Amino acid sequence: MSLPSRPATTVTVVLATPLAPDLRHLITDADPRVELLVDDELLPPQRYPGDHGGDPDYRRTPAQQAAFDALLARADVLYGIPDVDAALLADAVAANPKLRWVQTMAAGGGASVQAANLSAPDLDRVIFTTSAGVHGGTLAEFAVFAVLAAAKDLHRLQALQRAHEWPERWAMNQVGEQTVLIVGLGGIGGETARLLKCFGATVLGVKRTVGPVDHVDEVHAIDALPQLVGRADAIVFTLPGTEATAGLYDAALIAATKPGAVIVNVGRGTVIDEPALIDGLTTGPLGSAYLDVTAVEPLPADSPLWDLPNVVLAPHTAALNDKEDQRIAELFAKNMKLFLAGERLLNVVEPGEFY
């Protein structure tokens with residue numbers, strides 16, 4: 001993929017996803033050459049901060065849809081994927097030969113780019129970037145919450161309270177004496193490691209390119225997982241959903257996992273073989289699971305995960321925070337300065353890998 005050419009005049013940015021009016025200056029303040037186009041009547045209202053798809057009941061009239069398509073066709077840059085719909089992204093790219101860059105709202109935005117089935121020339125012409133790193137703090141806190149909750153027997157405490165039982169005392173675990181394996185040492189994994197080291201945990205990590213990472217005691221390649229899972233009291237997955245990561249934590253790895261370990265997933269649900277996970281939670285060796293994501297979302301009503309007493313489900317909400325939209329806009333503004341300077345952008349989706 002080539003670097004962006006330096007625009008000599010105005011760069012037209014079109015809002016393809018809702019963004020509060022009081023945050024839009026973050027885009028236009030990046031450079032005087034930035035022109036922001038938005039028609040709020042053509043965008044679904046947000047139900048909460050970070051609601052990039054907007055109200056699902058919103059519908060455009062045929063005239064409004066034509067106006068929206070015409071607005072997208074004027075963009076040099078799209079802020080968001082239209083309606084968070086891969087098919088609409090494909091239409092927007094095909095209809096606008098001057099489109100140069102699309103900022104996706106998701107940290108794993110590469111999946112939507114892949115689903116759009118764009119041609120090789122379009123993937124070379126248009127740069128796609130993700131919001132990776134924006135959600136690192138909130139997701140890392142959820143991961144640490146899960147490790148702490150498992151160490152302090154949250155499920156047992158809740159069951160005893162519901163039963164009005166006051167049993168004999170028992171010894172809880174201490175995170176500072178535990179080993180935590182983080183699978184994926186990007187922004188989320190790195191922040192998780194930093195927080196866990198505050199408790200004194202031994203932190204193991206897996207990443208594509210092996211090398212030193214702050215706050216991580218050992219960094220390994222992914223092929224070391226069969227040995228690493230047997231050492232870890234907790235395993236935190238932060239990986240994106242790609243062909244390479246699909247079903248990575250499978251029955252064989254689960255069988256090799258240290259008895260009683262807690263499984264935490266703040267990446268993508270497809271990374272874990274869900275039937276194997278359920279079996280591991282019901283018949284061993286797994287102790288508990290804290291899942292912000294599942295293989296199919298919303299989680300089907302008949303999934304056993306709903307009723308397992310050693311499972312905590314967060315409906316893909318652990319990343320959300322009141323400041324999410326602001327942080328994405330700030331990231332976009334930083335990238336806009338790079339774009340205008342003709343330099344490589346942050347969080348570029350690599351064609352072929354879509355990550």
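Select glycine 284 in this predicted model. Glycine 284 follows just after helix H11 and takes a positive phi of about 105 degrees.

Step back next into H11 itself, residues 274-283. Its buried residues are Glu274, Ala276, Leu277, Ile278, Gly280 and Leu281. To see what these buried residues pack against, display helix H10 (251-256) together with three strands: S10 (262-265), S11 (288-291) and S12 (311-313).

Now turn to the nonpolar cores. Colour Val13, Ile27, Leu78, Tyr79, Phe128 and Met336, which touch the most other members of the largest nonpolar core, a set of 53 residues. Then select helix H12, residues 324-340, which supplies the largest share of this core with 9 residues. Another core, of 31 residues, lies apart from that one; Leu196, Ala201, Val213 and Val266 are among its members.

The following stop is a pair of helices. Two packed helices are described by the angle between their axes and the distance between the axes. Select H6 (residues 136-151) and H8 (residues 187-198), whose axes come within 8 Å and cross at roughly 50 degrees. An angle from 35 up to 65 degrees falls between roughly parallel and roughly perpendicular, and H6 and H8 are therefore oblique to each other. Their crossing is right-handed.

To display the contact, show the following residues as sticks:

- From H6: Gly136, Gly137, Leu139, Ala140, Glu141, Ala143, Val144 and Val147.
- From H8: Gly187, Ile188, Glu191, Thr192, Leu195 and Leu196.

Coloured by character, the residues of this contact divide into 8 nonpolar, 4 polar and 2 charged. Leu196, on the H8 side of the contact, also appears among the members of the 31-residue core.

Two exposed positions complete the tour. Select glutamine 161, which lies in helix H7, residues 154-163. Its relative accessible area is 64%, over the 50% cut-off, so glutamine 161 is exposed. Draw a distance from its C-alpha to that of glycine 190: the two residues are 29 apart in sequence and 35 Å apart in space.

Finally, select proline 21, in the loop between strand S1 (11-15) and helix H1 (25-28). Proline 21 is exposed as well, because its relative accessible area is 59% and the cut-off is 50%. A C-alpha to C-alpha line from proline 21 to alanine 92 spans 24 Å, while 71 residues separate the pair in sequence.

Key. Residues numbered from 1 in each chain as written. Predicted model: local features only at pLDDT ≥ 70, side-chain atom pairs only at ≥ 80, totals over all residues. Heavy atoms only, no water. Core = buried A, V, L, I, M, F, W, Y, C linked by side-chain atoms within 4.5 Å. Buried < 20%, exposed > 50% of the residue type's maximum accessible area, 1.4 Å probe, protein only. Helix = DSSP H or I, 4+ residues; strand = E, 2+ residues; numbered from the N terminus. Axes fitted to C-alpha atoms, helices over the stretch in contact; angles between N-to-C directions. Parallel < 35°, antiparallel > 145°, perpendicular 65-115°, else oblique. Left-handed = near helix turned anticlockwise from the far one by under 90°. Contact = heavy atoms within 4.5 Å. Nonpolar A, V, L, I, M, F, W, Y, C, P; charged D, E, K, R; others polar.
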